[in-house]
Amino acid sequence: MLPIAILPVAGLFLGIGSSFTNETMLKAYGLYGIMGPGTIIHGILTVMSAAGSIVFDNLPLLFAIGVAIGMAKREKEVAALASVIAFFIMHTAISALISVNYAGGDMSMDAMEQAVVNLEQNLGLSGATSMVLGIYTLNMGVFGGIIVGLGTAALHNRFYKIQLPQVLSFFGGTRFVPIISAVVFLLVGILMYFIWPYIQKVISMLGNLVQNTGYIGTLIYGIIERALIPFGLHHVFYMPFWQTNVGGSMEIAGQTINGAQNIFFAQLADPNTTKFSVDATRFMAGKFPFMMFGLPGAALAMYRCARNEKKKVVGGLLLSAALTAFLTGITEPLEFTFLFVAPILYVVHCVLAGISFMLMHIFGVGVGMTFSGGLIDMTLFGIMQGNAKTHWLYIVLVGIVYFFVYWGVFTFLIKKFNFKTPGREADNEETKLYTRSDVNAKKSGKTDMTSVLILKGLGGKENIADIDCCATRLRITVHNSDAVSEDILKQSGAAGVIKKGNGIQVIYGPRVTVIKSHLEDFMESKESVDLSGYGVADNEIQTEKETAPKADGTEIFLSSPIRGKAVPLEKVDDEVFSAGILGQGIAIEPSEGKVFAPVDGVVENIPKSKHAIAITADNDANILIHVGLDTVELDGNGFDVKVANGAKIKKGDLLMTFNLNGIKKQGYKMITPIVVCNADEFAEFKTVADGDVNVGDDVIRIVR
């Protein structure tokens, strides 16, 4: 959404700048002498128009950067830089191949102009090429940006912590990301040169299909676009129509423009435009009647159907949401409210929205938009452009009808089926509008009570400054440690709680990464704001419980994963291990930096800090190997894990290497606990090693 967020501002610049520098418009309104060519105002407006145009002209690059930032897990600025480099290299590789095949390797401007003409003739595709930031290349549109963004983000997440050999160490970590991105997208550019023309032909066929289905195609487009809102997929659906030749192609000012929105804004910037292309605006104009008029009508229906004693409360909420929809076209508060309480109303809304798109197509409405259909966009791109160019008056006429249609249909259905729209809920229920998170929570059918209890135990969302985790425990920084309740945290399934000033450690064992993910998801929901309505009954707590294996007297030995000196677990200088909070086991003071598999089994979890490995053995033992104390703080530096989550391992397989001396020099204790986290599920547990041990020596005996 980051690149999309800039479009309203860019559209404002372009809309105002282009409108008030159009000589025909200035003469029509008697403004030519004040704002015509040569005046200071005209110069300022020309700059505004150019500033808006540059954003729309370079959306592919903005999408590459935006997608990379959005998909990168950490160090997002590095992903942004890498995406720019990858974008340039991919298109330059394509351009070079065009030159080699159609200009004999000559990449001068004149030679490339003729080369792309020859390429389009050879492909039989008009508009197959374009100029991107001064590079003649294949016309990939925003698809090219999205490909770069996704690919760069994937490379970034894989390599931004990579450690290279000492001689190349300068190029490790985040510096490696732009390097690998450059190499990969050189190859991607070469690949795209050969396969993208075929993709273009498929896109062109799809666009022709949509165009040839006329009003029915527009109706179906409108219904699908609204129907995808609850799933968050509407952007994926409409963007190809707006930004690629799925939404049509048109020659404007000597250039072939692809995509409905691009066509509209190119016409907006062209002083020779006498009427906007309805074939392009059919994918946009339909939003105005139902966003500006229809949904406010639905809001009025919900207000009129509310109980008298709740009308004052619900009136303020609905008026605010209706005004937001009318002015800006942001409709989520209204749409998600009736989607949440009465999905049938949303079905009706989708059909009416589709009809709105079709009617605007039938009436030849040529009003475009930046991202949504509110009064601001209608004023800039409809009213200010003149009715002769846009037929914007039909928006108002159809909109007035839509206001009463939504009001009447919603009123009838709410009363007929007694839908619990705002103001009609029970006295003990909150009167409110709903959001996507409420709908998602309803679809999941349950509240994550473990997260509720953790949040309660930590003193609420507002008391949390930072959340992280290592292999066994949540590590939380709170603003006020006095607000933390150990009792509530233990009800969430925590094995123990450690307070160190404002630092709180909540011990859960190897499943802590899952608990952290659920907690972070819950904290983003509306439910996390007010926890007063949630009790702490034991039957509501949804914690993961291991099923104890059947006792059969089987004797099982765990071997030492590390060469070194065996030490009783209670002598480890960390009470989580020494007090047996995580389970029973033994510790090894290592003499070399290698970790081997102590049993046959499966790797269950490797934290991002790489300092620990959790294993589920074939004999059902849950084993944690925790290399060093507090080594989570190293953030993976000094550790090289040789296996991945989910890998099947055999006893004696190399799992990890670590820089023993280097980590010691940084002040970390390297004693390594080996803990059987579910030791209480076995009939007997005993450590069988003392003193020096080699890899493969038995160190723990358990009996099932």
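# Close-up views of a predicted model

**View 1. Strand β6 is largely enclosed.** In this predicted model, β6 is largely enclosed by the rest of the structure, because 5 of its 6 residues are buried. The strand covers residues 473-478. It has paired strands on both sides, since the sheet order is β5-β6-β8-β7. With β5, strand β6 pairs in the antiparallel sense over 5 bridges. A hairpin of 3 residues makes the connection from β5 to β6. D466 has T477 of β6 as its bridge partner. With β8 (residues 503-507), β6 is again joined by 5 bridges, and these two strands also run antiparallel. Here T477 stands opposite G503. T477 therefore appears in both pairings, with D466 and with G503.

**View 2. The open sheet and its edges.** The sheet holds 4 strands, is open, and follows the order β5-β6-β8-β7 with antiparallel pairing. β5 (464-469) and β7 (496-500) are the edge strands; each has a single partner, so one side of each lacks a neighbour in the sheet. From one strand to the next, the twist averages 20°. Helix α25 (residues 512-523) packs on this sheet and touches β5 and β6. The direction of α25 makes about 150° with that of β5. As background, sheet strands pair through backbone hydrogen bonds, in either a parallel or an antiparallel way.

**View 3. An edge-to-face pair between distant parts of the chain.** The structure holds 20 aromatic pairs. In one of them, the ring centres of Y221 and F283 are 5.0 Å apart. Their planes meet at 70°, so the pair counts as edge-to-face. The two residues are 62 apart in the chain. Y221 belongs to helix α11 (residues 214-227). F283 sits in the loop between α14 (278-281) and α15 (287-305). Both Y221 and F283 are buried. Ring pairs also tie them into a cluster, made up of Y221, F241, F283, F290 and F357.

**View 4. Rings of adjacent numbering, F403 and F404.** These two rings have centres 5.3 Å apart. The planes stand at 85°, so this pair too is edge-to-face. F403 is partly exposed, with a relative accessible area of 24%.

**View 5. Lysines over tyrosine rings.** K287 lies over the face of Y238. The distance to the ring centre is 4.9 Å. K311 lies over the face of Y303, at 5.6 Å from the ring centre.

**View 6. S49 in helix α5.** Helix α5 spans residues 40-57 and contains S49. S49 is buried: its relative accessible area is 11%. Leaving aside residues up to four places away in sequence, S49 touches F13, L14, G17 and S18.

**View 7. Positive phi at N418.** Phi of N418 is near 55°, a positive value in a residue other than glycine. The residue is found in the loop between α21 (393-417) and α22 (436-444). N418 counts as partly exposed, at 40% relative accessibility.

**View 8. Positive phi at D635.** For D635, phi is also near 55°, again positive in a residue other than glycine. D635 has its place in the loop between β15 (622-626) and β16 (639-641). Its relative accessibility is 37%, so D635 counts as partly exposed.

**View 9. The whole chain, for context.** The protein chain has 27 helices and 22 strands. It comprises 704 residues, of which 53% count as buried. Take the contacts between residues at least 6 apart in sequence: 71% of them join residues at least 24 apart. The chain exposes about 31100 Å². Carbon and sulfur atoms supply 59% of that area.

Conventions
Residues numbered from 1 in each chain as written. Predicted model: local features only at pLDDT ≥ 70, side-chain atom pairs only at ≥ 80, totals over all residues. Heavy atoms only, no water. Phe/Tyr/Trp six-rings, centres within 6.5 Å; stacked < 30°, edge-to-face > 60°. Buried < 20%, exposed > 50% of the residue type's maximum accessible area, 1.4 Å probe, protein only. Lys NZ or Arg CZ within 6 Å of the ring centre and 35° of its normal. Contact = heavy atoms within 4.5 Å. Areas by Shrake-Rupley, 256 points an atom, 1.4 Å probe, with all protein chains shown as cover. Pairing = 2+ DSSP bridges. Axes fitted to C-alpha atoms, helices over the stretch in contact; angles between N-to-C directions.
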